[in-house]
Amino acid sequence: MIFYFSGCGNSKYVAETIAAGLNDNLTFIPEAAREGRYDYTLAEGERLGFVFPVYSWAPPKLVLDFVKKLNIKVGPSTGSGTLPYIYFACTCGDNCGLTEKVFRKAVEEKGWSLSACFSVQMPETYIGMAGFKLDTPENAQLKIDRANDLLKRNITRLINKEHFSEMVVGSLAWLKTYLVNPGFNRSATDDSKYLSTEACIHCGKCVETCPLKNITLEEGRPKWHGHCTMCMSCYHHCPVNAIQYGKATAGKGQYYFGRR
Ligand SMILES: Cc1cc2nc3c(=O)[nH]c(=O)nc-3n(C[C@H](O)[C@H](O)[C@H](O)COP(=O)(O)O)c2cc1C
Ligand code: SF4
Ligand code: SF4
């Protein structure tokens, strides 16, 4: 059983690759949360996996909120008992800070324990502030090629239920995760800087690709409704680049996994 979140497709690709390798099934966290699906039963010996992007050097808040509400039973008739093998894979543009520590704590607060985790560097998606830019197409492809090698190796370790941690932590990790991240979480739902320009062709792609269903079309133009997670999917998927985030995104280009 794999629970995943993805805005721009990187983590979806990683989740699908792991699911194929483990012959496992996938649940999209925002959909399950929307429908109030928090109760699950793991078969005897079944792995419990989570896949998500790193947001501001920690797991996205919506992922942590989901974990908090999850109610997992082990085996068809048992309400407790054997702890399952639990792992996470997170995707990041560069590094993850103390994402492992934060997720481990969330898992332990449920009385579970984390068996394995690894990070996968994938193309950058965050360009909502000055100084943040996308990877060149060559760099993006290089990251994906390396990710495929890393996934192959780590899927074998998950099959064997190895205990391991392979995270790219980066510099000033404590500061980024415990001082910068709370500020990001406070502002992440604020979508008031998103706008659409006259280039909009009213296609509705932004509505369709928002994982939180935070956008509607009003007179053919997107309207944001204030429960954003800042995944930037709406910006990246617009076929005519008509969405901007204030002035921060001007001229920075677009990316989503599989975009040609
Ligand atoms: C709001 C936001 C915050 C991000 N923060 C980080 C970060 O702290 N460290 C990092 O290396 N990448 C960061 N990234 C980049 C993403 O983690 C990375 O591109 C990821 O693969 C995107 O996954 P997705 O395509 O499944 O949404 C951030 C991206 C977004 C949109
Ligand atoms: S995806 Fe772009 S063009 Fe399509 S409705 Fe949204 S803003 Fe307009
Ligand atoms: S409004 Fe845009 S940035 Fe916010 S959650 Fe939806 S797609 Fe992501």
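Hi everyone. Before anything else, a definition: when I say helix or strand, I mean a DSSP run, H or I over at least four residues for a helix and E over at least two for a strand, numbered from the N terminus. With that in hand, we can say that helix 1 gives three residues to the shell around ligand 1, the largest share. Please keep in mind that this is a predicted model.

Let's step back to the overall layout. The domain assignment splits the protein into domain 1, residues 2-186, and domain 2, residues 194-245. Their C-alpha centres are 26 Å apart. Where the two domains touch, domain 1 contributes eight residues and domain 2 contributes nine. On the domain 1 side of that contact, you'll find five nonpolar and three polar residues, with no charged ones.

Now, where does ligand 1 sit relative to the two domains? Ligand 1 lies between them, because domain 1 and domain 2 both give residues to its shell. That shell has 25 residues, and the closest are Cys8, Asn10, Ser11, Pro53 and Cys92. Sorted by class, the shell has twelve nonpolar, ten polar and three charged residues. Helix 1, residues 10-22, and strand 6, residues 86-92, each supply at least two of the shell residues.

So helix 1 deserves a closer look. It is 13 residues long and spans 19 Å from first C-alpha to last, close to the expected 18 Å. Which of its residues are buried? They are Asn10, Ser11, Lys12, Tyr13, Val14, Ala15 and Ile18. Notice that Asn10 and Ser11 are also on the list of residues closest to ligand 1. The buried residues of helix 1 pack against several elements, including strand 1, strand 4, strand 7 and helix 5. Just after the helix comes Asn23, with a positive phi near 55°.

Next, ligand 3. There are 15 residues around ligand 3, and the nearest are Cys210, Cys228, Cys231, Ser233 and Cys234. By class, this shell has ten nonpolar residues, four polar and one charged.

Last stop: a hairpin. Strand 10, residues 215-218, and strand 11, residues 221-224, run antiparallel and are joined by four bridges. If you want to find one pairing on screen, look for Thr216, whose bridge partner in strand 11 is Lys223. Two residues lie between the strands, and Glu219 in the turn has a positive phi of about 50°.

That's my tour. Thanks for listening, and I'm happy to take questions!

Methods. Residues numbered from 1 in each chain as written. Chains lettered and ligands numbered in written order. Predicted model: local features only at pLDDT ≥ 70, side-chain atom pairs only at ≥ 80, totals over all residues. Domains from an automatic or database assignment. Contact = placed C-beta atoms within 7 Å. Nonpolar A, V, L, I, M, F, W, Y, C, P; charged D, E, K, R; others polar. Near = placed C-beta within 6 Å. Expected span 1.5 Å × (residues − 1). Buried ≥ 20, exposed ≤ 12 C-beta atoms within 10 Å, placed from the backbone. Pairing = 2+ DSSP bridges.
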